[in-house]
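Work through the exercises below with the model open. Try each task before reading its solution.

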Amino acid sequence: IHTRKTGALIAAAARAGATAAGASREKIEIAGRFGQSVGLVFQITDDILDATSPTGLLGKTSGKDAAAGKLTYPAVMGLEKARAAGCREASRALTILEEMACSHKMLAHLVEFVLDRSY
């Protein structure tokens, strides 16, 4: 579900950006994989925040996913394993970014932000 939702949206944006920058087909494909990975980091973090953050900080009703019986990362594997999965996926995104062989500091900061965000 996560890869077809948030991951697909961010992957499309990454591919579009690479295309607009005149990247090769190979780099566009790498950008898409990067976007897919960042999307998964975003979704894992969102699931964790839904389970752990107060509504006032979150900007939406916290605990909504659990109440709806959604199969979130914390619900399926527990909070600590979900956090570890988010870190692994963020590391994977950074590894994919290295394949692009271009200046990518801003994109690396994006991965860190998505993983460490609190809202």
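Which residues have the most contacts inside the largest nonpolar core? The exercises work on a predicted model, where local features need pLDDT of at least 70, side-chain atom pairs count only at pLDDT 80 or more, and totals for chains, interfaces and linings use all residues. Residues are numbered from 1 along each chain as its sequence is written, and side-chain values use heavy atoms, with hydrogens and water left out.

**Exercise 1. Find the largest nonpolar core and the helices that supply it.**

Solution.
- Step 1. Apply the definition: a nonpolar core is a set of buried Ala, Val, Leu, Ile, Met, Phe, Trp, Tyr and Cys residues joined through side-chain atoms within 4.5 Å. Buried means under 20% relative accessible area, exposed over 50%, and partly exposed in between (1.4 Å probe, protein chains only).
- Step 2. List the hubs. The largest core has 16 residues, and A31, F34, V38, A93, L97, M100 and V111 have the most contacts inside it.
- Step 3. Assign helices, which are DSSP runs (H or I, at least four residues; strands are E, at least two), numbered from the N terminus. At least two core residues come from each of helix 1 (6–20), helix 2 (25–52), helix 6 (79–99) and helix 7 (105–116).
- Step 4. Pick the main supplier: helix 2 gives the largest share, six residues.
- Step 5. Look for another core. A separate second one has six residues, including L40, I48, Y73 and A82.

**Exercise 2. Trace the contacts of L97, M100 and A90.**

Solution.
- Step 1. Contact means heavy atoms within 4.5 Å. The lists below do not count residues up to four places away in sequence.
- Step 2. Start with L97, in helix 6. L97 has 0% relative accessibility, so it counts as buried. Its partners are F34, H104, L107 and A108.
- Step 3. Move to M100. This residue touches K27, I30 and A31.
- Step 4. Finish with A90, also found in helix 6. Its relative accessibility is 5%, so A90 is buried. A90 touches V41, V111 and L115.
- Step 5. Compare sequence and space. A90 and G39 are 51 residues apart in sequence, yet their C-alpha atoms are 9.8 Å apart.

**Exercise 3. How many aromatic pairs does the structure hold?**

Solution.
- Step 1. Rings of Phe, Tyr and Trp (its six-membered ring) pair if their centres lie within 6.5 Å; planes under 30 degrees apart count as stacked, over 60 as edge-to-face and the rest as tilted.
- Step 2. Count: the structure holds one pair. The ring centres of F113 and Y119 are 6.2 Å apart and the planes meet at 65 degrees, so this pair is edge-to-face.
- Step 3. Check accessibility. F113 is partly exposed at 43%, whereas Y119 is exposed at 51%.
- Step 4. Look for a charge over a ring (NZ of Lys or CZ of Arg within 6 Å of the ring centre and within 35 degrees of the ring normal). R117 lies over the face of F42, 3.9 Å from the ring centre.

**Exercise 4. Describe the chain as a whole.**

Solution.
- Step 1. Count elements: seven helices and zero strands.
- Step 2. Test compactness. The radius of gyration (over C-alpha atoms) is 15 Å, close to the 14 Å from the globule rule (2.2 Å times the number of residues to the power 0.38) for 119 residues, so the chain is as compact as a globular protein of that length.
- Step 3. Check burial: buried residues make up 38% of the 119.
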